[in-house]
Amino acid sequence: MLTLAVPPDFDLPRAVCSYGFFMLAPNRWDSANQELHTVVHGETDRLIPVKVSSRLRRSNHHRGGLQITTPRVTRAEAARIKYQLTRILRIDENLAPFHRVHRKAARAGFGRLYRSATLFEDIVKTMTCCNVTWSQTRRMNELLVEKVGKGGFPTPAQLAACRPSRLQQQCKLGYRAERIVRLGRDVCEGKVDLTRFEDETLSTESLFEGLREIHGIGPYAAGNLCQLLGRYDRLAIDSETYRHFREKHDVPTPKDAAGMRKLHDRIEKHYAKFAPYQFLAYWFELWGAYEDRFGTASVWDENMSEA
């Protein structure tokens, strides 16, 4: 049993059930018990199942944290588990600056968006989100975990060892199979250094352009990866963004390419007032619309096909 300290404003259900990745394998949210179940990698990539729950506050002088239930682990693995969960739940992010520019989000305690234990996993999952339905995205990740990762999310080496045609067939990835295998191989061979994207001194523009250099990463995917890396001053705009904005702000559907460019510019302008937190402001609005439609995310049924 491990414990992990969290800041006073941290709320486990809100931190987990805040972005669709929490519904993708190997993650599972137990809505009945309000617990996160996932699988992380330990030493020599040993798969370690973990259960994360809120630790009750014992007194005003003892702040509650997170309780992590695992099999027996080494001291090094315990530290690695805590490191990965800190990244997944963005425990070390300071939400105060965002909350100062977005009071509604502050009152809701919104701002920590669920992500993966590694940037590599975030990239692969972002690839599986493009040009498909949400149910297809979920199925791709289930199969990647089952067929390739053997219960955990596949490592670069595991994916590098796959033939694209076999991966496409086994995991229903379509054209993404070639891109995902190539990413695994490029990481293993040192052609893509993912650590450079964690450099906080990089400007968001440089980060975005660097991500675009990865084979298969387009403008939407690069924008989404920026927010997954904690850079919220760039939107990730796709068809869902257009749909939501038109419905939320009563904007007619554009009739041509010129109209779409105007809509795109209008979206950028609308969220610019929340800079440098444009994405968080947009996601607060979009996620709120999802919860209005499906109910509070922390009690969503795990079998939901769309969200």
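Guide: Two strands pair if DSSP finds at least two bridges between them. Keep that in mind for this predicted model.

Visitor: What makes β4 and β5 a pair?

Guide: The count of bridges does. 4 bridges join β4 to β5, and the rule asks for at least two, so they pair. The two strands run antiparallel. Across them, Val 52 stands opposite Ile 68 in β5.

Visitor: Why are β2 and β3 called paired strands?

Guide: They share 3 bridges, in the antiparallel sense. At least two are needed, so the name holds. Arg 28 has His 37 in β3 as its bridge partner.

Visitor: How many bridges link β3 and β4?

Guide: There are 6, again antiparallel. The threshold is at least two, so β3 and β4 pair as well. Here His 37 stands opposite Lys 51 in β4. The two strands form a hairpin, with 5 residues between them. In its turn, Thr 44 has a positive phi of about 50°.

Visitor: Which strands are at the edges of the sheet?

Guide: The open sheet has 5 strands, in the order β1-β5-β4-β3-β2. β1 (2-4) and β2 (28-30) each pair on one side only, and these are the edge strands. Neighbouring strands are turned by 30° against each other on average, direction ignored.

Visitor: What lies across this sheet?

Guide: Helix α2, residues 75-89, lies across β1, β3, β4 and β5. Helix α2 runs at about 40° to β1.

Visitor: What makes a residue a contact of Leu 89?

Guide: Heavy atoms within 4.5 Å make a contact. Leaving out residues up to four places away in sequence, Leu 89 touches Phe 10, Leu 12, Ala 15, Val 16, Leu 66, Arg 112 and Tyr 114.

Visitor: Why does Leu 89 count as part of a nonpolar core?

Guide: Such a core is built from buried residues of listed kinds, Leu among them, joined through side-chain atoms within 4.5 Å. Buried means under 20% relative accessible area. The largest core has 91 residues, and Leu 89 and Leu 167 have the most contacts inside it. Leu 89 is a member, so the conditions are met. Helix α14 (residues 278-294) gives the largest share, 8 residues. In soluble globular proteins, nonpolar side chains tend to be buried together.

Visitor: What makes the largest empty space a cavity?

Guide: A 1.4 Å probe fits there but cannot get out, so the space is called a cavity. The search kept those of 30 Å³ or more and found 2. The largest holds about 50 Å³ of space.

Visitor: Which strand gives the most to its lining?

Guide: β3 does, with 3 residues. The lining includes Thr 38, Val 39, Val 40, Ile 88 and Tyr 114.

Key: Residues are numbered from 1 along each chain as its sequence is written. This is a predicted model: local features need pLDDT of at least 70, side-chain atom pairs count only at pLDDT 80 or more; totals for chains, interfaces and linings use all residues. Side-chain values use heavy atoms; hydrogens and water are left out. Buried means under 20% relative accessible area, exposed over 50%, partly exposed in between (1.4 Å probe, protein chains only). Axes are lines fitted to C-alpha atoms, for helices over the stretch in contact, and angles run from 0 to 180 degrees between N-to-C directions. On a 1 Å grid over the protein atoms alone, a cavity is a set of points where a 1.4 Å probe fits but cannot get out, and a pocket is an open set with protein on both sides within 12 Å along at least five of seven lines; lining residues have an atom within 4 Å of a point. Grid points are joined across faces, edges and corners, and a volume is the space filled by probe spheres set on the points.
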